[in-house]
Amino acid sequence: LGATTAVVTALATGGVWPARCRGKVYPGATVLGLDLGGVRRAEAATRLREHLAPFEATAVTYTWGTRSWTASVADLGVTIDYAATLDTAWRHGREGGLIGRYETLLNPASHRMAVPLTLVLDEGTLERYLATLDQEVAQAPRDARLLIEGTEASIAAEQIGRRVDRGAARRETLAAIRGASPAKVPLREVPLPPSVTAADLQAARRQVATLLGAGVTVTLDERSWLVSPDDLARALVRPDDPVTDRARLDPEALETILEPIAAEVNHPPRNATVAWDGGLYAIDEGYAGVEVELGQLGRDVAAAAATKARRVNLPLRFLPPVVDATNLAALGIEGHLASGSSSFAGSSAARATNVRVAAEHVSQTLVPPGGTFAFNDALGPISLAEGYVEGKIIAGDWYASDLGGGVCQVSTTVFRAALLAGLPFAEWHPHSFRLAFYELDGSPPGMDAAIYQPNTPDEWELDLVFTNPTEAWLLLQLSVTGETVTAELYGGRTGYEIEIAPPQLSDPIPAPDPIERASAELPAGAREQIQAAQPGVEVVMTRRVVKDGALLSEDTFVSP
């Protein structure tokens, strides 16, 4: 009877122990070393949050050399599930029935439970954070580069890039989080090799060194010209991809560089100089021209620069003259078309000289079928070197002294021949006032032609221009006999009939009032009359050109 009573008493007394843990965590439950036994659930939650606060704020510190980045659990996409963790702790000692509870209570040392921390991971947030670190640390690789400065080629070495080993960083981050205490994670790198290395560019560098290492010599018989390395460098085309492509010289760019050689060698052909004396004959046979084939020369120099020889022969093209002394019949000149003449009697010695020099320069001019004759082009420059001297000219409404005074005597003579030949005029200018010496030979007024070659850019050129409407060449031939200059035109038979009506003269135009101009050649206060006033007149001259009874043209020439 006594024994039975003891057992019942023990059980009755022991029934008090589970009641003592009601609403509390059973002894022996720990979370990350934090003992929650005998603590009510709410207090356990508070203690656990305080315990994990440092971890939540600074879960992982990543390091890279001297740099560091500290991330919270939220930064890493980690959430601590406090409720689930406490649920696990709460179940400690309560899942083994009454006997199990007594065992936990009576012998807690053998029934301890390390409650795991329940964590929830957002993989996307973690990956984005690691990607941000990668951006901070990563460095793109740099390819080796081919550098060309002037005539020198070199190589800038490549540089290996890097990126964060995000796989390793993820694994170490997860391991650190499981420890639930602030941890350091050194970032590891993955090397990024460049696409182009210095070794890849050695061939391109050698190619540039070959192209620009020395000049290229251009030869023609005993003459030679050096195309320098600097010149070659100006035509260098850098390769877009120096690994697969090669540098080269641009032949078209070389053409521009080689133009001075061509300018030194080139000369145009000169037509045969022909004259008429009962028939056409050559005074001078002329000669062929020479022209450098610049395109071929550019290609040859580009090719030679890639070799050790570095010499090319100057490629030439020979240009035959248009007028060949051996085939004058091809000009189609069959006979005389018209002549014009004028007298320069009474001219000063200087004016007479200029008339003869101008006639010599213009004589033997050929005009091709459909071509144009321009007096100033045929005359060439009026200069001392061409034999001209200073003489009186008409400058607007004033007599002045200038080089070549008297040349208009020759343009007037050519005008008369072209007028009588029925040739169409593209440009003609009368003199600004009537000149008696153009009428000395009995020619009516209005039969003169003024020309002027400007001395300054502000002046206007005056020219005498006519065209050749025939299918044969025209030959203009001038001669000076005594004080008369004559122009003869020869060509194919035109069948033109020329009708020139007598000039129509207006009523006399009164002479203007005297004009005075200052002259540095006279003493102060002195006056000198250099020309006499005379009345003027407007002259209207009409020419009709008829062929086979049909009117080809009717032209009016007005001399105000």
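How many residues does helix H8 have, and how far does H8 reach from its first C-alpha to its last? In this predicted model, H8 runs over residues 198-212, which makes 15 residues, and the reach is 20 Å. That is close to the 21 Å expected at 1.5 Å a residue. H8 still has a kink in it, of about 25 degrees, and the kink is centred on Ala204. Ala204 is also one of the buried residues of H8, along with Leu201, Val208, Leu211 and Leu212. And what covers these buried residues? The cover includes two strands, E8 (145-149) and E9 (152-156), as well as helix H9 (229-234). Strands E15 (236-237) and E16 (248-249) are also part of the cover.

Next come the nonpolar cores. The largest one has 40 residues, and the members that touch the most others in it are Phe375, Val414 and Leu478. Several elements give two or more residues to this core: helices H12 (349-362), H13 (375-379) and H14 (407-421), plus strands E29 (474-481) and E30 (484-491). H14 supplies the largest share, with nine residues. Take Val414 as an example: leaving out residues up to four places away in sequence, Val414 touches Phe373, Phe375, Leu464, Phe466, Leu476, Leu478 and Ala487. There is also a second core, separate from this one, with 39 residues, among them Ala45, Ala89, Leu130 and Val137.

Strands E29 and E30 deserve a look of their own. The two pair in the antiparallel sense, over seven bridges. One of the pairings puts Val480 opposite its bridge partner in E30, Val485. E29 and E30 form a hairpin with two residues between the strands, and here Gly482 takes a positive phi near 60 degrees. E29 is also joined to strand E23 (residues 365-367), by three bridges, and E23 and E29 run antiparallel. Here Leu366 has Leu475 of E29 as its bridge partner.

One more residue of E30 is worth following, namely Thr486. Is Thr486 buried or exposed? Thr486 counts as buried because its relative accessible area is 17%, and the cut-off for buried is under 20%. Setting aside neighbours within four places in sequence, Thr486 is in contact with Gly340, Ser341 and Thr413, and also with Gln477, Leu478 and Ser479. Leu478 has come up before, as one of the residues that touch the most other members of the largest nonpolar core.

Notes:
Residues are numbered from 1 along each chain as its sequence is written. This is a predicted model: local features need pLDDT of at least 70, side-chain atom pairs count only at pLDDT 80 or more; totals for chains, interfaces and linings use all residues. Side-chain values use heavy atoms; hydrogens and water are left out. Helices (H or I, at least four residues) and strands (E, at least two) are DSSP runs, numbered from the N terminus. The expected span of a helix is 1.5 Å times one less than its number of residues. The bend at a residue is the angle between axes fitted to the seven residues ending there and the seven starting there. Buried means under 20% relative accessible area, exposed over 50%, partly exposed in between (1.4 Å probe, protein chains only). Contact means heavy atoms within 4.5 Å. A nonpolar core is a set of buried Ala, Val, Leu, Ile, Met, Phe, Trp, Tyr and Cys residues joined through side-chain atoms within 4.5 Å. Two strands pair if DSSP finds at least two bridges between them.
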